Amino acid sequence: MKTVFFCGHKSRYGIAHLKPILESEFQVLAVILATDSRWDQFYQKLLGKSYYEAKDRQPTLSFKSFLKQVISVRLLKLIQKVYNKVVARDVFLNVKVPVIYTSDANGSLFLEKLKTINPDLILSAAYPQIFSKELIKIPVYGAVNFHPSLLPKFRGAHPHFWAIAKGERESGLTAHYMTEKIDDGNIIEQVNFPIWQYTYSEFYHKIIEETPTIVKKVELFFIEKIGSVHPQKNSEASYFQEPRDIHKRIFWNINSAEDINNLIRTEQAFFFFRSFKIKPLKAKVTKTNRNLTNNVNVTPGTIVDVKSDCLVVKANGGCINIYFVVYCGKKMTSMEWITRHKINIGEVIL
């Protein structure tokens with residue numbers, strides 16, 4: 001079956017599909033990559049344009065220290081840029097099929113080129129553009145998208161973040177026929193697994209690990225005719241956009257203890273303390289704390305205990321025991337943070 005693969009090569013998830021697809025029984029005629037300009041457009045739309053980007057507050061630095069930090073940051077950015085190019089080059093170095101860059105997969109010039117390639121099937125993973133109806137109808141067997149959630153749940157952007165943040169106990173991967181609507185279309189195959197104990201990075205690792213499995217299932221569906229298609233239940237659908245800072249901030253007066261713990265598991269949650277942005281990395285929920293005796297009434301967000309291994313904060317419906325934090329870009333244990341900044345019981349976190 002003649003196939004073209006649209007690879008979102010700036011995403012680990014997109015790249016994870018490349019090897020299993022190239023090693024499958026599909027006859028891959030070309031790998032399509034988006035140009036940097038297309039990725040820039042995608043990121044702008046995904047993240048939203050803002051005239052102000054909030055920065056983590058840093059301690060006061062001497063001019064000399066500031067200069068060293070700026071130079072280091074610029075050097076690190078340059079190294080990262082070069083590294084990304086080297087990785088991309090190495091990934092596609094051994095690809096024995098044509099690799100085609102396009103700034104617009106829906107543009108007339110590219111569509112004409114795709115028609116001359118004449119694929120039977122299109123596969124896509126993490127590609128930074130929504131495909132037009134004209135593109136989707138070119139292959140006789142349709143266009144298939146790989147999506148990292150159990151559709152119809154968590155359509156849209158960053159489903160692995162939202163599945164954890166919303167406290168899902170199970171998630172997985174879906175291969176579905178593409179339509180002009182985002183993550184709409186009949187489901188071909190799915191792979192499911194429990195996620196209730198995963199952090200974001202553990203979940204993402206599992207997604208990458210299971211990617212060859214879903215690719216194999218799709219291969220068997222088209223090559224061996226194994227499996228059947230079923231429509232998505234729109235009544236069960238949920239749709240999410242890329243999370244913004246407002247979605248990652250802990251609101252102690254509103255969020256429940258379980259909601260806060262789930263948000264911390266995304267490894268992107270934050271709160272403010274003494275005007276500094278703090279990111280908790282590991283936590284657990286307890287129903288109460290040794291200091292909450294005699295029916296004491298404590299406002300959510302109040303530090304109620306300081307232990308040898310964690311900081312305990314009152315929340316709605318329980319307490320959050322925080323074991324690690326990121327302070328001014330540096331990961332440390334809660335005890336290191338407590339000792340260094342003389343944090344006291346009774347202080348309030350915002």
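Let me start with strand S1, residues 2–7, and strand S4, residues 121–125, which run parallel to each other and are joined by five bridges. This is a predicted model, so please hear everything that follows as computed from predicted coordinates. Within that pairing, Phe 5 has Leu 123 as its bridge partner in S4, and Phe 6 is partnered by Ser 124. On its other pairing, S4 is linked to S5 by four bridges, again with the two strands running parallel, and here Ala 125 finds its bridge partner in Phe 146 of S5.

Stepping back to the whole sheet, we have seven strands in an open arrangement, ordered S3-S2-S1-S4-S5-S7-S8, and the pairing is mixed. The edges are formed by strand S3, 99–102, and strand S8, 187–194, each of which pairs on one side only. If direction is ignored, neighbouring strands of this sheet are turned against each other by 20° on average. Packed on the sheet is helix H8, residues 200–223, which touches S4, S5 (143–147), S7 (170–177) and S8, and whose direction makes about 150° with that of S8.

Let me stay with H8 for a moment. Its 24 residues, at 1.5 Å a residue, should span 34 Å, and the end C-alpha atoms are indeed 34 Å apart, which agrees. The helix nevertheless carries a kink of about 40° at Glu 210, shortly before the proline Pro 212. Just after H8, Lys 225 adopts a positive phi of about 60°. Helix H3, residues 36–47, can be put through the span check as well: its 12 residues should cover 16 Å at 1.5 Å a residue, and its end C-alpha atoms lie 16 Å apart, in agreement. H3 is followed by Gly 48, where phi is positive and near 80°.

Now to burial: how many residues of S4 are buried? Five of the five are, so the strand is largely enclosed by the rest of the structure. Both of its faces are covered, with Leu 121, Leu 123 and Ala 125 buried on one side, and Ile 122 and Ser 124 buried on the other.

In soluble globular proteins, nonpolar side chains tend to be buried together. The largest nonpolar core in this model has 66 residues, and those with the most contacts inside it are Val 31, Leu 123, Phe 146, Trp 252, Phe 271, Ile 320 and Trp 337. H8 gives the most to this core, contributing 10 residues. Leaving out residues up to four places away in sequence, Leu 123 touches Thr 3, Val 4, Phe 5, Phe 6, Ile 21, Phe 26, Val 144, Phe 146 and Val 218. Apart from that core lies another, of 19 residues, which includes Ala 105, Leu 111, Tyr 127 and Ile 138.

I will finish with Phe 154, which sits in the loop between S5 and strand S6, 155–156. Is this loop residue, Phe 154, buried or exposed? Its relative accessibility is 5%, and since buried means under 20%, Phe 154 counts as buried. Setting aside neighbours within four places in sequence, the contacts of Phe 154 include His 147, Pro 159, Trp 162, Ser 238 and Phe 240. Finally, Phe 154 and Gln 241 are 87 residues apart in sequence, while their C-alpha atoms are 9.4 Å apart in space.

Methods. Residues are numbered from 1 along each chain as its sequence is written. This is a predicted model: local features need pLDDT of at least 70, side-chain atom pairs count only at pLDDT 80 or more; totals for chains, interfaces and linings use all residues. Side-chain values use heavy atoms; hydrogens and water are left out. Two strands pair if DSSP finds at least two bridges between them. Axes are lines fitted to C-alpha atoms, for helices over the stretch in contact, and angles run from 0 to 180 degrees between N-to-C directions. Contact means heavy atoms within 4.5 Å. The expected span of a helix is 1.5 Å times one less than its number of residues. The bend at a residue is the angle between axes fitted to the seven residues ending there and the seven starting there. A nonpolar core is a set of buried Ala, Val, Leu, Ile, Met, Phe, Trp, Tyr and Cys residues joined through side-chain atoms within 4.5 Å. Buried means under 20% relative accessible area, exposed over 50%, partly exposed in between (1.4 Å probe, protein chains only).
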